[in-house]
Each structure stands twice: as C-alpha cells, then as structure tokens.
Amino acid sequence: MTDGKIVHYYRVTEPPHSLLPSIKESLKTAGLEGDAKLISSVQTESCFNVLSEELTDKQTKQLEWLLAETFDSKSLQLEKSALDTSPEGNGKRNRDDSVLVEFGPRMTFTSAFSSNAVGIC
C-alpha cells in the first residue's frame, strides 16, 4: 500500500491528572523551576495517521466510528488539530502564552490498536 494517501485524524483526549504535576516536577529536577511555574495547564490529543487507498463512504464511516471516542464522537476531526489555534492551521502557536508540542510513535509504527483497526476495516 505504498501508493496510498495519508490522512490525519485528531481526537482530543483527557490528560491524566498526574501529567501536569509530573511535568512540573521534571522541570524542577532539571533546574528549570522558573519554567515550571509558567505552566498552568496541559491539553492532549491523539493523532491517527491513516495510510489507505481511496475509501468508500461506508469504509470512511467505519474508520471514523473506530477512531472516535465512544461517548463523544464529535471530538474526532479530520486534518486539523483541535489544539492548533493558528489561523493558518500550521501547528504554530497562535498566542504568546501557549506552545504546541507533538510527540509520539512514528507513522510507520504498528501498534496492537492499529492491527485491530486494520482487521475491522
């Protein structure tokens, strides 16, 4: 499937309650206590990179059902991060008090979830 197109789906997720204190503690340990004091909140989302040939409407609906949150299907967005507040949608920060940082597995990484998703779709 090397001729396929990659589409990106984004879903806002609830960060663990321990994430903010953990980040602040890590910064303090690294000698960056001043930076730790500047952080007031953390927002998270999952990005799903889908490599596929042209999908039918039925296949697209199945894929979106699979990727969407069970009780909040409207939180799934195609090609635009909910955390990207810039008018251009380029992933850059839009306000002076926010920073967008992306990290995670490579697009070529295969997880148990992705294997199951391929089996379902």
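What is the volume of the second largest pocket? In this predicted model, the second largest pocket has a volume of about 200 Å³. Its lining is formed by Gly4, Lys5, Val7, Tyr9, Ser52, Glu53, Glu54, Leu55, Thr60, Leu63, Glu64 and Leu78, and the elements that contribute two or more residues to this lining are β1 (5-13) and α3 (57-67). By residue class, the lining of the second largest pocket comprises five nonpolar, three polar and four charged residues.

The fold in which this pocket lies can be described along the protein chain, which has four helices and three strands, arranged from the N terminus in the order β-α-α-β-α-β-α. Of the 121 residues in the protein chain, 18% are buried. Among the contacts in the protein chain with a separation of 6 or more, 70% are accounted for by residues 24 or more positions apart.

In soluble globular proteins, nonpolar side chains tend to be buried together. The largest nonpolar core of the model has eight residues, namely Val7, Tyr9, Phe48, Val50, Leu63, Leu67, Ala68 and Leu76, and β1, β2 (44-52) and α3 each supply at least two residues of this core. Tyr9, a member of the core, also appears in the lining of the second largest pocket. When neighbours within four places in sequence are left aside, Tyr9 is in contact with Ser46, Cys47, Phe48, Val50, Thr60, Leu63, Glu64, Leu67, Leu76, Gln77 and Leu78.

A charged residue, Arg11, is likewise placed in strand β1. Arg11 counts as buried because its relative accessible area is 14%, which is under the 20% limit used for that class. A polar atom of the Arg11 side chain lies 2.4 Å from the backbone oxygen of Leu67, and Leu67 is one of the residues of the largest nonpolar core. Apart from neighbours within four places in sequence, the residues in contact with Arg11 are Glu45, Ser46, Phe48, Leu67, Ala68, Glu69, Ser75 and Leu76, and of these, Phe48, Leu67, Ala68 and Leu76 are listed in the core.

Val101 offers a further case, being situated in the loop between β3 (76-78) and α4 (112-120). Although Val101 is classed as nonpolar, its relative accessible area is 61%, so Val101 is exposed, a term that applies over 50%. The C-alpha atom of Val101 is separated by 9.8 Å from that of Thr44, a residue 57 residues apart from Val101 along the chain.

Notes. Residues are numbered from 1 along each chain as its sequence is written. This is a predicted model: local features need pLDDT of at least 70, side-chain atom pairs count only at pLDDT 80 or more; totals for chains, interfaces and linings use all residues. Side-chain values use heavy atoms; hydrogens and water are left out. On a 1 Å grid over the protein atoms alone, a cavity is a set of points where a 1.4 Å probe fits but cannot get out, and a pocket is an open set with protein on both sides within 12 Å along at least five of seven lines; lining residues have an atom within 4 Å of a point. Grid points are joined across faces, edges and corners, and a volume is the space filled by probe spheres set on the points. Buried means under 20% relative accessible area, exposed over 50%, partly exposed in between (1.4 Å probe, protein chains only). A polar contact is a pair of N or O atoms within 3.5 Å; within protein, one must be able to donate a hydrogen and the other to accept it, and residues adjacent in sequence count only if both atoms are side-chain atoms. Contact means heavy atoms within 4.5 Å. A nonpolar core is a set of buried Ala, Val, Leu, Ile, Met, Phe, Trp, Tyr and Cys residues joined through side-chain atoms within 4.5 Å.
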